[in-house]
Amino acid sequence: MEYGYPKGHIFYRKLGRIYPLITHGEGIYLYDEKGKRYIDGSGGALVVNIGHGQKEILQSMADQMGKVGYVHGTQFTTQSIEEYAEALGKILPEGLEKIYFLSGGSEAVEAAIKLARQYCLESGQSQRWRVVARWHSYHGNTLGALSLTGRVGARRPYLPLLMDFPHFPPPYCYRCPFGLTYPECELECGRALENVIQLEGPETISAVILEPIIGATIGAVVPPDGYLSLIKKTCERYGILLIDDEVMAGMGRSGKWFAVEHWEVQPDIMVLGKGMSGGYFPLSAMITKADIVDLLKERTGGFVHGHTFSHHPVACAVGLAVLQLIHEKKLVEQCVRRGEYLLKRLKELKAFPFVGDVRGKGLMTAIEFVKDQKTKEPFPRTGRFTEKVVDLAFENGLVLYPGTGFVDGVNGDMVMVGPPLIIEEGQIDEIMEILKKTFSQMS
Ligand SMILES: Cc1ncc(COP(=O)(O)O)c(C=O)c1O
């Protein structure tokens, strides 16, 4: 039996693909019904941080479902919600303490946009509503989040539906948008934020949103030192909130609980998703400072926002079990060592003429492909280089996460490697073997 469109009733995510049917997963591996084994080299979309098949998570879910499967967030709370918030609260960056639980990353971003707006209203700044974001960012696919997302190809069909949110260039040193080199550049890309704020009118801007390490659109781009603190200072100068989108980089993936901690910057709002539940249940969060929530309580009496599945008891039970497992196995500390090893080994791939850049932090890494290593000329998109690499690696038993179109809105090829944080060094060697085999086949 084959699975894929137009067979059956599923409106699949990819309409031209035959899908293997996965029967089970264990650790970093997935197994399909034909017995083929895949290394989940990207943990889905950098979601699966504690690996597949962890029995503790199943138990926590079953236990909570056995007690109560659902209560509405406006009517009740449960022990799982209270305990998870308590445990998560202990690891949050200083100043962030009030957690609003949701189901997905885009939902958390939408909540952040609204919280920033409501905070501006409550504090007597009613003209402020626009959120500034960066090109080549990814903040989600719902219309508010997509209005922030700087992935040109994803925005194009929906442009008439998007909100008027300004964008500025990312700190993409491999292809500096200003043609400069760090540190002589004096962080021109960071200073560009001030230009945008001034041009657009600071009195209209509620917040700036950014991924501390840029993920899905451009592939594990780490900002140069000093960049994030420059952004924070600029926000402060204009009374603008800073939203830290940690949906991909958070929960230990970068080698710290939250990527922003590498540069000791304090955001006003943070959004989390993906690794919170390790993929076992839809779960995300929008987290902010007490004084922001205090103001809402004092003025309107609450946050004018909500979803049926927010503050979900089972999601929170899963989140708590995942968090406990990360603590027990010391996965954040382990991620630093494994990340260094992975990056060192990935750099060997520069021997292939089409590998332009290898980058990342912790277990959030990417390989950018180019037609010419010296000039960094990208492959023409019509050649579908990334898709060919991803398909070949898949055939060879390795799952990678693709990204395209980030150089100029059309061209640009990369894959992300972001395995579960439980990965062992020997398993990184297995990934390398398949990558080398795949790249040789591409040569
Ligand atoms: C940084 C970032 N923000 C937001 C999102 C949106 O999350 P979701 O796909 O769960 O809606 C993603 C998803 O990849 C992401 O990487």
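Start by selecting Phe 352, Phe 354, Phe 369, Phe 379, Phe 385 and Phe 439, and show their side chains: in this predicted model, ring pairs link these six phenylalanines into a cluster. With the cluster on screen, keep in mind that the count of aromatic pairs comes to 15.

Next, select Tyr 84 and Phe 101, which form one aromatic pair that is stacked, with 5.2 Å from centre to centre and 20° between the planes. If you colour by secondary structure, you will find Tyr 84 in helix α3, which covers residues 79–91, and Phe 101 in strand β4, which covers residues 98–102, so the pair ties together parts that are 17 residues apart in sequence. Switching on a surface helps here, since Tyr 84 and Phe 101 are both buried.

Move on to Trp 129 and Phe 165, whose ring centres are 6.0 Å apart and whose planes meet at 45°; the pair is therefore tilted, given that stacked requires planes under 30 degrees apart and edge-to-face over 60. Trp 129 belongs to the loop between α4 (105–122) and β5 (130–134), while Phe 165 belongs to the loop between α6 (152–155) and β6 (167–168), and the pair links these distant parts of the chain, 36 residues apart. Is each of the two residues buried or partly exposed? Trp 129 is partly exposed, having a relative accessible area of 34%, whereas Phe 165, at 5% relative accessibility, counts as buried.

Now select Arg 17 together with Tyr 19 and Phe 394. The charged end of Arg 17 sits over the ring of Tyr 19, at 5.5 Å from its centre, and the charged end of Arg 17 also sits over the ring of Phe 394, at 4.7 Å from the centre of that ring.

Finally, select the ligand and display the residues that surround it, namely Gly 104, Gly 105, Ser 106, Tyr 138, His 139, Gly 140, Glu 211, Asp 245, Val 247, Met 248 and Lys 274. Divided by type, this shell holds 3 nonpolar, 5 polar and 3 charged residues. Three distances are worth drawing in the viewer. An oxygen atom of the ligand lies 2.5 Å from an N or O atom in the side chain of Ser 106, and a nitrogen atom of the ligand lies 2.7 Å from an N or O atom in the side chain of Asp 245. At Tyr 138 the partner is a polar backbone atom, which is 3.4 Å from a nitrogen atom of the ligand. Taken alone, the ligand exposes 390 Å², and the protein buries 82% of that area.

Note on methods:
Residues numbered from 1 in each chain as written. Predicted model: local features only at pLDDT ≥ 70, side-chain atom pairs only at ≥ 80, totals over all residues. Heavy atoms only, no water. Near = heavy atom within 4 Å. Polar contact = N/O pair within 3.5 Å; in protein donor to acceptor, adjacent residues only side chain to side chain. Areas by Shrake-Rupley, 256 points an atom, 1.4 Å probe, with all protein chains shown as cover. Nonpolar A, V, L, I, M, F, W, Y, C, P; charged D, E, K, R; others polar. Phe/Tyr/Trp six-rings, centres within 6.5 Å; stacked < 30°, edge-to-face > 60°. Helix = DSSP H or I, 4+ residues; strand = E, 2+ residues; numbered from the N terminus. Buried < 20%, exposed > 50% of the residue type's maximum accessible area, 1.4 Å probe, protein only. Lys NZ or Arg CZ within 6 Å of the ring centre and 35° of its normal.
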